[in-house]
Structures are given as C-alpha cells and as structure tokens.
Amino acid sequence: MRHSAFLAILAGTFVVLAGFAISQQTQTSDQPQQKSYQNMTPEQRAAATRAFLGLGPEPDKAAAKRGEPLFHQNCAFCHGAEARGTTAPSLITSDEVLGDDHGEHLVPFLSKGLPEKGMPSFAAMSDNQLKDIAEFLHLQVEEVANRGTYQVLNILVGDAVKGHAYVTAHCMSCHTAETFAHIASQFRSPEQLQRGWIWPSRAGDNSLATTATVKTPDGDTITGRVTQVSDFRITIVDGAGRTHVIDRNPDVEAQIKDPLASHQEMIMTLTNDNMHNVTAYLETLR
C-alpha cells in the first residue's frame, strides 16, 4: 500500500533523508558494498528511493501507456491530463489510488463509480482497460513522489559575462572577490552551486546564523542565536547555551540581524535570466 509512504513524502524532507540513508547502507561483509546514491544510475536511484520510502510496486509502464489515452478520453475533463485535478479533485493524493497496487481495488471502484458524487460508472470498460487506467494513475503518483526518478537538465545556459556584471552590481557591497574564488569547486554540480549562491546553507556556518539582542522590561539585555521567532515571541540561545523564550509585548525591544536578509530581498526580484547568467559565471570560478 502506498498511503503512509506518500504522506511521509509530503513532509518535504524525504529526498535528503533517503539519499543519505541509502548512500550509508552497506550489505553484509560477504557481499559487495552498495553504490553511493549519487553514483547510481537514475533507474537505480528510483528503485532505491522506492524501496526506502515503501512506495509499493513499480508501476507497469507499458500498461500505463495503454491507460493514458483511456484516462484522457474518460477522466481528464474532470481530473486533469496528469490526474492533478481541475473541476474534480487531484487523484495524486486519492485514498483509492494510494491504497491500490495493481488495480485490485481500483478496478471494482472505477467499475462501480460514485454516482452520488458525480463520478460515473465505467462498467462498460473491461477489467484490463481499468487496470491500465490504474497503472497510469500509479505512474503519475510515482513521477510526483519518487524524486529518485528526477533527472536534472543542463542549467548552464546563461551568459557568464552578464552574470559577472550582475555579481558586480548586486553582490559586491556585501562580499569580496575572495568570497567567490574557487566557489564552483565547493559544489558537486551546477544545480547545487545555483542553490548554494541563491540561498547559502546556514548549517555548520555560525556566521550565517540569525542573531538578536533583546531588551526586556526589567532592563535585562539578552543576546544570542535565534532559534524561533514570530510576532508573539522570540526564542534565543545565549553564549552560555541557555535558552530564553521571550514574549514580544510592547515593552520588549528586539533587534534581529539576519545575514541572509539581502538574499531574501534578492530572491524577490531575481529573474530566470539573471539566475542562469550568474550560475554560468560562477561555474567558471574553479
């Protein structure tokens, strides 16, 4: 069954966790060591991710191909060409779809329909045709859920000269030339470089941590690393490791410093062309 696995996927962290866990796994001492996740072929990554997340059986692609025109003719008007919903709900998160493996539940469900909710019966279609539609739906779920199947296209399509000009105009007020020296060699791929310069990772880099200085109504001043902040309270870990949870009432003054604030502002105006141009330029800095 696919239901619980798909809910885990929606949490948003499964890609990193799956890749890390899969790459760390080794077989027993009398078996060869598994390939790292990064060195697997797309097919191997898809299979490893599917097994790690418990996505269920691999969809039958041949059957899904047969089911695609049947779905488009009979279902796409309401559910969309990729089953992601239009006038009727998306089927990617449907309990009926996620609770099925190879049509054992979907075939009788589709044959009966839900007339009381506006879904017609497809009893005139053969069981084999309904199985093909079921496999098409499972393939749509697979393509959304299994990030191991994703293939990143070449993103080095920008103009490096224009990228250099953008960096000079927008980045050098905060950074120096040394910031960008050999920057491309710090990342395994251009897509990771692109993510890295747009939103640098705070993990392991204390210089990028959000900090705050808070003055309380009692006259105390608390300074430290911000771990949580909202309109109602702020949580700070001070230099001694003590955690302070402070309600942000009108008598509390909080000065917050986020080293990535300029990146957040940049993202709001960054165009695709500028993004690709800067990545193409930074990729030359090895």
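Reader: Which residues are exposed on the other side of helix 9, away from its buried ones?
Author: This is a predicted model, where local features need pLDDT of at least 70, side-chain atom pairs count only at pLDDT 80 or more, and totals for chains use all residues. Residues are numbered from 1 along each chain as its sequence is written, and side-chain values use heavy atoms, without hydrogens or water. On the other side of helix 9 (helices are DSSP runs of H or I, at least four residues, and strands runs of E, at least two, numbered from the N terminus), the exposed residues (over 50% relative accessible area with a 1.4 Å probe, protein chains only; buried is under 20%) are Val 161, Lys 162 and Ala 169.

Reader: How wide an arc do the buried residues of helix 9 cover around the axis?
Author: The buried residues of helix 9 are Gly 163, Tyr 166 and Val 167. They lie on the same side of helix 9, because the arc they cover around the axis (taken from the directions to the C-beta atoms) is only 100 degrees.

Reader: Which helices do those buried residues pack against?
Author: Let's stay with the buried residues of helix 9, Tyr 166 and Val 167 among them. Their packing partners (contact means heavy atoms within 4.5 Å) are helix 10, helix 12 and helix 13.

Reader: At the start of helix 9, which backbone nitrogen does a side-chain oxygen of Asp 159 reach?
Author: Asp 159 brings a side-chain oxygen to the start of helix 9. That oxygen comes to within 2.9 Å of the backbone nitrogen of Val 161.

Reader: Is Asp 238 buried or exposed, and what is its relative accessible area?
Author: You can find Asp 238 in strand 3, residues 233–238. Asp 238 counts as buried because its relative accessible area is 12%.

Reader: With which side chain does the side chain of Asp 238 make a polar contact?
Author: Asp 238 also has a polar side-chain atom 2.9 Å from the backbone nitrogen of Arg 242. Neighbours within four places in sequence aside, Asp 238 is in contact with Thr 223 and Gly 224, among others. At 2.8 Å, its side chain makes a polar contact (N or O atoms within 3.5 Å, one able to donate a hydrogen and the other to accept it) with the side chain of His 244.

Reader: Stepping back, what share of the protein chain is buried?
Author: The protein chain has 13 helices and five strands. Among contacts between residues at least 6 apart in sequence, 59% join residues at least 24 apart. Of the 286 residues in the chain, the buried share is 36%.
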